[in-house]
Amino acid sequence: MAEPPRAIGNDDGRQEGVTRRRLLTGAAALSGAVLGGSPHAAATAGRDGVFDTAAAREALRRLVPDHHRQITLRAVSGATDRFRVTGSDGRIVVEGTSPAVLLTGLHAYLRRAAKAHVSWNGEQMNLPRTLPAPGAEITAAANVPYRFVLNDTNEGYTGPYWDWDAWQRELDVFALHGVNAVLLGIGTDAVYYDTFREFGYSDAELRSWIPAPAHQPWWLLQNMSAFGGPVSRRLLERRAQLAEKVIGRVRDLGMTPVLPGYFGTVPDDFTARNPGSRVVPQGDWCGFRRPDWLDPRTPSFAAVAAAFYRHQRARCGDSTMYKMDLLHEGGQAGDVPVGEAARAVETALRTARPAAVWAILGWQNNPRRDILDAVDRTRMLIVDGLSDRFPTVTDRESDWGGTPYAFGSIWNFGGHTAMGANAPDWVQLYPRWRDKAGSALAGIAAMPEAADNNPAAFALLTDLAWTEGSVDLDDWFAAYAVSRYGGEDPHAAAAWQVLRETAYGTTRADSWSEAPDGLFAARPSLTATRAASWSPDAARYDLAAFDRALSELLQVAPRLRDSSAYRHDLLDVTRQVLSNRSRLLLPRIKAAYEAAERPLFAELTATWLDWMTLLDEVLATSEQHLLGRWLAGARSWGADRAEKDRLEYDARSVITTWGGRAASEQGLHDYANREWSGLVGSLYRLRWKTYFAELSAALAEGRPPAETDWFAMEDDWAHRHDTHPVKPHGSIHALARQVRDTVAG
C-alpha cells in the first residue's frame with residue numbers, strides 16, 4: 001500500500017533524541033508530571049511492570065474482535081511517548097509507552113500495513129483472516145508532550161445526551177489518533193451543586209441555576225445560567241455517574257482528563273448569603289445575563305475554591321491539568337486588578353492540586369498579558385484557537401511571553417456539517433513554529449466546537465504531533481484514501497485529491513478557519529449569504545471543482561464500498577454538493593423576483609424546495625445525520641414526561657433558536673445549524689416554503705412582502721414533541737447518483 005510519507009514517522013535511531021531535545025526546549029519548565037511520556041503512567045502501573053495494558057487490551061477486543069488474538073500489546077518505558085510495531089503474519093507486536101499510545105501504534109499498523117481505518121465518522125475494517133506482517137518496523141515518537149482534544153463547547157454541540165457506549169467509542173478514537181489530553185466538562189454540574197449547598201443555597205435554587213445539559217458549556221464559561229432548567233437531582237446524579245466512568249476510562253488509557261477549574265462563578269445573591277464577600281457583575285452575553293464573578297483576592301473565593309476542588313475530587317478524582325478562562329468573551333474585571341485575580345486563581349489551584357498545569361484558551365484577546373505576567377507561565381498551557389485563523393498570528397512566543405502553547409484549530413463552529421479545514425496552513429505553520437529557535441510550541445489542540453465531523457481533518461492534525469519534518473498533502477491524502485477504503489483505487493485517489501484542493505485546500509489568508517455553512521439552513525432572505533451570524537459569507541473554494549469528487553467517489557470499485565467509512569464520505573460529499581447549490585441558486589431566485597418574472601420565480605423556488613427534499617432524503621441514510629437520534633437521546637435521560645419534554649426543548653433549541661428571543665435575535669439563532677434529516681425537511685424547509693409563498697403572493701398582488709416573525713416559528717418548532725426516525729433508511733449510492741445526474745451533472 002502507499003504509505004503516508006512521514007505522516008506517522010519513521011525512527012532511524014535518532015528520532016527520540018531529537019524529539020526529546022525539542023520537548024525540553026519548547027516546554028522546559030512544565031511540571032515533570034505532565035512533560036512528555038504519559039501523565040498517568042504511574043496510575044496505570046501493574047502487571048506489565050511499566051503500566052497495566054488492560055484498558056488497551058479491552059479496546060483491542062472492541063476494535064478488532066475477530067483478530068485481537070493475533071496482536072500482542074507490550075508496555076515500554078520512555079520519557080517521550082513512542083510506539084513500535086513489528087512481527088510476522090498473524091503475530092503482530094505493538095509496543096508503546098501508555099495504553100493510549102499502544103492504540104496509536106495499533107492504528108498506525110492498521111492504516112499502513114492492513115489498509116484499514118477507524119474514525120469518529122465510520123470505519124473500514126475489512127481485514128484478511130490472517131493479519132499481514134508490517135514489513136519494516138513502524139515506529140514514531142511524539143514531537144510534543146501535549147495532544148489535546150475537544151472544545152469547551154463540544155458537549156453542548158455534540159453529545160449532551162450521550163450514553164456510555166458513545167463515550168467509549170469516542171475515547172477509543174481519541175487514543176487511536178494519538179491524543180493524550182481530553183477536555184471534559186461532564187459531571188461539573190454536580191460539583192457546583194455540591195459546592196454551593198455549603199454556601200447558603202437550597203436544592204431548588206441550585207437546580208434552577210444550573211442549565212440543561214446542552215447549554216452547560218457556556219455556563220461553565222461564565223456566559224449564562226439557568227436556561228432549560230430546572231435540572232433534576234436524578235439527572236445530576238446520572239450525569240455524575242457517567243462522568244466518573246468517562247474520566248476513569250481516560251485515566252485507564254493513560255491520558256489526562258482536563259477538568260474545569262474554579263475561577264469565580266457564583267449564583268445570584270452570593271454576597272447576601274455570604275457576608276463579607278465581594279462580586280463583580282458581569283453584564284450580558286448575547287442576550288443572557290452572565291453569572292457574577294467572585295473577587296478571587298477575597299477569603300470567600302479561597303473558601304469556595306477549596307470546596308469546589310474537594311467536591312470535584314470526590315466526584316471525579318484528581319488530574320494534572322485544569323481548564324480556566326478568566327473574563328471569557330467580554331467578561332468584566334471591574335475594579336479588580338486582573339493580574340492579582342489571576343494569581344489568586346492560580347494559588348487556589350496550586351493549594352488543591354500542587355502539580356497541576358493551568359490550561360487556558362487562546363481566543364480573541366485572551367489570555368491577557370496581565371494574566372500571563374502574574375502567574376507561573378511554565379505551568380500554564382495555552383490551547384491556541386487562532387493558529388490557523390488569522391494571518392497576523394506569527395509569533396506566539398512574543399504574544400504570550402514564552403508561555404507553552406498548543407498549535408490549535410477550530411475548523412468547525414456550532415456543529416455545522418460543512419466539509420473543510422485550512423490544511424495547507426497546518427502542514428506549513430506547525431513544523432515551522434515547532435522547529436524554530438526558542439519555540440514554546442508544546443502541543444497540538446484539535447478543538448472543533450463540535451467533534452464528529454471532518455474525520456480527515458482530525459486525522460491530519462493529530463498526525464502532525466507524530467511526524468518528524470513536514471507532511472506533503474498530496475501524498476498524505478493519497479495514502480488516506482487507501483486506508484479509508486481498503487485498497488488502491490484511482491477514483492478514490494482522484495476524489496481525495498479534489499477534496500484536498502478544494503474543501504481542504506483553504507488557508508487563513510481570508511481570516512477564516514471554517515468552511516461556509518449552507519443557505520438552506522439560513523433564515524430566509526433573498527440576500528442571505530450565511531446561516532450563522534459569525535460564519536463565512538462566501539465560498540472559500542471552487543464549488544464547481546468540488547463536484548468532481550462526487551463523480552469520482554461513485555466510481556470507486558464495488559469491493560471498496562462495503563464500509564461505513566465509504567458510506568459516510570459518499571454521503572458527506574453528496575450533501576456538500578447539494579448544500580453548495582444553495583449559493584448558486586439563490587442569486588438566480590433573487591434576480592427573477594426583482595425582475596417580476598413570476599413563472600421563472602415559481603420554477604426556481606420549486607427547484608430550491610425539491611433540492612431541500614432531496615437533501616433530507618440523502619441525510620436520512622446516515623444515523624449520524626438524523627434529528628431523531630439527537631432528540632431521542634435527550635428524551636432518554638428524562639424520568640417522566642415533563643422532564644423528557646424539557647430536555648427535548650434543550651436539544652431542539654440549541655440547534656435552532658439557541659435561547660429566548662433576545663439571545664436569538666442578537667445573533668445566536670442558527671449558530672449551531674446543521675444539515676440533518678428531519679431538521680432540513682421540517683423547520684428549514686418550512687421557513688423557505690413560507691417565505692417563497694409570501695414573495696409569490698406579493699408579486700401577484702403588486703405589493704411589498706409582509707414581514708415574518710421567524711423567531712416565533714422557530715420557537716414553536718423547538719417546543720414541539722413530534723417524533724422523527726431514529727434509524728437510517730435509503731441507499732446513499734442510489735441517491736448520490738441521482739444528485740450527480742440531476743444537480744451536479
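Ala, Val, Leu, Ile, Met, Phe, Trp, Tyr, Cys and Pro count as nonpolar; Asp, Glu, Lys and Arg count as charged; the others, Gly among them, count as polar. The model is predicted: local features need pLDDT of at least 70, side-chain atom pairs count only at pLDDT 80 or more, and totals for chains, interfaces and linings use all residues. Residues are numbered from 1 along each chain as its sequence is written, and side-chain values use heavy atoms, with hydrogens and water left out.

**Exercise 1. The second largest pocket**

Task: Find how the lining of the second largest pocket divides by class.

Solution.
- Start with the term. On a 1 Å grid over the protein atoms alone, a pocket is an open set of points with protein on both sides within 12 Å along at least five of seven lines; a cavity is a set where a 1.4 Å probe fits but cannot get out; lining residues have an atom within 4 Å of a point.
- Take the volume, the space filled by probe spheres set on the points, which are joined across faces, edges and corners. For the second largest pocket this is about 520 Å³.
- List the lining. It has 25 residues, and Glu 329, Trp 363, Gln 364, Glu 449 and Tyr 671 lie nearest the centre.
- Divide by class: 15 nonpolar, five polar and five charged.

**Exercise 2. The largest pocket**

Task: State which helix gives the largest share of the lining of the largest pocket.

Solution.
- The space in the largest pocket is about 1200 Å³.
- Its lining counts 45 residues; closest to the centre are Asp 452, Glu 623, Gln 624, His 625 and Arg 629.
- Now the elements. Helices (H or I, at least four residues) and strands (E, at least two) are DSSP runs, numbered from the N terminus.
- Two or more lining residues come from each of helix H5 (164–176), helix H20 (564–594) and helix H22 (627–635).
- H20 has the largest share, with five residues.
- By class, the lining holds 15 nonpolar, 19 polar and eleven charged residues.

**Exercise 3. The barrel and strand E16**

Task: Place strand E16 in its barrel and name its partner strands.

Solution.
- Pairing comes first. Two strands pair if DSSP finds at least two bridges between them.
- Eight strands close into a barrel with parallel pairing, in the order E7-E8-E9-E15-E16-E17-E18-E19. From one strand to the next, the twist averages 30°, taken between N-to-C directions on a scale from 0 to 180 degrees, with axes as lines fitted to C-alpha atoms, for helices over the stretch in contact.
- One partner is strand E15 (residues 321–323), joined to E16 by three parallel bridges. Here Tyr 322 faces Trp 358 of E16.
- Another is strand E17 (residues 380–384), joined to E16 by five parallel bridges. Ala 359 has Leu 381 of E17 as its bridge partner, and Ile 360 stands opposite Ile 382.
- Check burial, meaning under 20% relative accessible area, with exposed over 50% and partly exposed in between (1.4 Å probe, protein chains only). Six of the six residues of E16 (residues 357–362) are buried.

Task: Which hand does the β-α-β unit of E15, helix H12 and E16 have?

Solution.
- Apply the test: with the strands pointing away from the viewer, a right-handed path runs clockwise from the first strand over the helix to the second.
- The unit of E15, helix H12 (residues 338–352) and E16 is right-handed. The crossover from E16 through helix H13 (residues 369–374) to E17 is right-handed too.

**Exercise 4. The largest cavity**

Task: Determine which element gives the most to the lining of the largest cavity.

Solution.
- The count is eight cavities of 30 Å³ or more.
- In the largest cavity lies about 290 Å³ of space. Of its 23 lining residues, Asp 152, Leu 183, Gly 185, Leu 220 and Pro 260 are closest to the centre.
- At least two lining residues each come from helix H4 (154–157), helix H6 (188–196), helix H8 (216–220) and strand E9 (256–260).
- H8 gives the most, three residues.

**Exercise 5. The open sheet**

Task: Explain why one side of E10 and one side of E11 lack a neighbour in the sheet.

Solution.
- Three strands form an open antiparallel sheet in the order E10-E14-E11.
- Strand E10 (265–266) and strand E11 (279–280) are at the edges with a single partner strand each, so one side of each has no neighbour in the sheet.
- E11 meets strand E14 (residues 292–294) over two antiparallel bridges, with Val 280 opposite Trp 293.
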